[in-house]
Amino acid sequence: MARTPIIAGNWKMNKMPDEADAFVRELTPLIATWDNVERVVAPTFLALSAVASALRDAPIKVAAQDAHWEANGAYTAQVSAAMLAPYVEYVIIGHSECRAYLGESDENVNRKAQAILAAGLKSIIAVGESLAQNETGETVPFVRSQVRAALDGIAPGYMANVVIAYEPIWAIGSGKSASGELADNIIKTAVRDTLADLYGRDIAAAVRIQYGGSVKPANMEEFMAQPNIDGALVGGASLDVDDFAALVDIASRVKGR
């Protein structure tokens, strides 16, 4: 089944609103013509309004880096999906940095996924194992459990609005990355096969699955050449205009539909 590749730049805690605005204005003409690739940027909450305004008529979509599962209430420092809806199409949840540094649990990832989808938004759900889990052969069962937990109770009709990002924790910001073949094998056995168990083969074949973890122009083609990898969730390389454009170019050439 043909799946449109999706390249999402996760800016993490980088770029003030004026910097983010200038960045997307410079980026837009460089990647505007590649309409066979979905292009997404995820600025900080503080820069969302500026970026959404700058991209109002551009073919680049905006994502938030997180959302709370409640629509409103006494949740200091939190932002709900309903609050994000005027500015974004996607929300990233379950990123390993949130799991590791902020105590994000599988249960909360699931709560967030349900709230995001119910609000009419799309979710990029990140999963991935630690170096210790990888080295002891726990990768596949661990990632399978993350996928199952994240999607618990989510009806098949919502799955068109779900993207899964496989991000091995040991590869994020380390300069290391899984080989394309290894990443594809894990994505197939731990993610796509689990989706098939949960929703059937047709839905599993339609869901897009990204790879993330030290993705850069030098290794992007290796990942895009794999049959089960449908794009990338990119950190550091998405902070550079030329690198981001190069990633989209490679995805377009290798896998664009």
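Author: Let's start with a term: a helix here is a DSSP run of H or I at least four residues long, and helices are numbered from the N terminus. One more thing before we look around: this is a predicted model.

Reader: Okay, let me try one. Where is the place of Ala 20?

Author: Ala 20 sits in helix 1, which covers residues 17-31.

Reader: Is Ala 20 buried or exposed?

Author: You decide that from relative accessibility, and buried means under 20%. Ala 20 comes out at 0%, so it counts as buried.

Reader: Which residues does Ala 20 touch, not counting those up to four places away in sequence?

Author: Skipping those sequence neighbours, Ala 20 is in contact with Trp 11, Lys 15, Ala 47 and Val 51. You can also check a pair by its C-alpha atoms: Ala 20 and Leu 46 are 26 residues apart in sequence, and their C-alphas are 9.9 Å apart in space.

Reader: Now the cores. What's the general idea?

Author: In soluble globular proteins, nonpolar side chains tend to be buried together.

Reader: And which residues touch the most other members of the largest nonpolar core here?

Author: That core has 70 residues, and Leu 195 and Tyr 211 touch the most other members. Helix 8, residues 180-199, gives the most to this core, with 8 residues. Take Leu 195 as your example: leaving out residues up to four places away in sequence, Leu 195 touches Val 147, Leu 151, Met 159, Gly 200, Ala 204, Val 207 and Ile 209. Another core lies apart from that one, with 12 residues, including Ala 8, Ala 42, Ala 63 and Val 163.

Reader: How do I read a helix like that? Which are the buried residues of helix 8?

Author: The general idea: an α-helix has 3.6 residues a turn, so residues three or four places apart point the same way. In helix 8, the buried residues include Ala 183, Ile 187, Val 191, Thr 194 and Leu 195. Asp 184 and Arg 192 are buried there too.

Reader: What covers the buried residues of helix 8?

Author: Among the elements covering them are helix 7 (139-150), strand 6 (162-166), helix 9 (201-206), strand 7 (208-211) and helix 10 (217-224). While you're looking at helix 8, find Lys 188: a kink of about 35 degrees is centred there. Then go past the end of the helix to Gly 200, which follows it and has a positive phi, near 95 degrees.

Reader: What should I know about phi?

Author: Most residues other than glycine have a negative phi. That makes the non-glycines with a positive value fun to look up. Ala 77 has a positive phi of about 75 degrees, and it lies in the loop between strand 3 (61-64) and helix 3 (81-84). Ser 214 has a positive phi as well, about 55 degrees, and its place is in the loop between strand 7 and helix 10.

Reader: Does Ala 77 count as buried or exposed?

Author: Exposed means over 50% relative accessibility. Ala 77 is at 71%, so it counts as exposed. Ser 214, at 17%, counts as buried. Ser 214 also has a partner to find in space: Ala 171 is 43 residues away in sequence, with 6.0 Å between the two C-alphas.

Reader: Last topic, empty space. What volume has the largest pocket?

Author: About 400 Å³. It is lined by 13 residues, and the closest to its centre are Lys 12, Met 13, Gln 65, Cys 98 and Leu 102. Helix 4, residues 96-101, gives the most to this lining, with 3 residues. By type, the lining divides into 6 nonpolar, 4 polar and 3 charged residues.

Reader: How many residues line the second largest pocket?

Author: This pocket has 14 lining residues, with Asp 66, Gln 78, Leu 102, Glu 104 and Lys 112 nearest its centre. Its volume is about 220 Å³.

Reader: And how many cavities of 30 Å³ or more does the structure hold?

Author: It holds 1, with about 40 Å³ of space. Among the residues lining it are His 95, Arg 99, Gln 146 and Glu 167. Helix 4 and strand 5 (122-127) each supply at least two residues of that lining, which splits into 3 nonpolar, 5 polar and 2 charged.

Notes
Residues are numbered from 1 along each chain as its sequence is written. This is a predicted model: local features need pLDDT of at least 70, side-chain atom pairs count only at pLDDT 80 or more; totals for chains, interfaces and linings use all residues. Side-chain values use heavy atoms; hydrogens and water are left out. A nonpolar core is a set of buried Ala, Val, Leu, Ile, Met, Phe, Trp, Tyr and Cys residues joined through side-chain atoms within 4.5 Å. Buried means under 20% relative accessible area, exposed over 50%, partly exposed in between (1.4 Å probe, protein chains only). Contact means heavy atoms within 4.5 Å. On a 1 Å grid over the protein atoms alone, a cavity is a set of points where a 1.4 Å probe fits but cannot get out, and a pocket is an open set with protein on both sides within 12 Å along at least five of seven lines; lining residues have an atom within 4 Å of a point. Grid points are joined across faces, edges and corners, and a volume is the space filled by probe spheres set on the points. Ala, Val, Leu, Ile, Met, Phe, Trp, Tyr, Cys and Pro count as nonpolar, Asp, Glu, Lys and Arg as charged, and the others, Gly among them, as polar. The bend at a residue is the angle between axes fitted to the seven residues ending there and the seven starting there.
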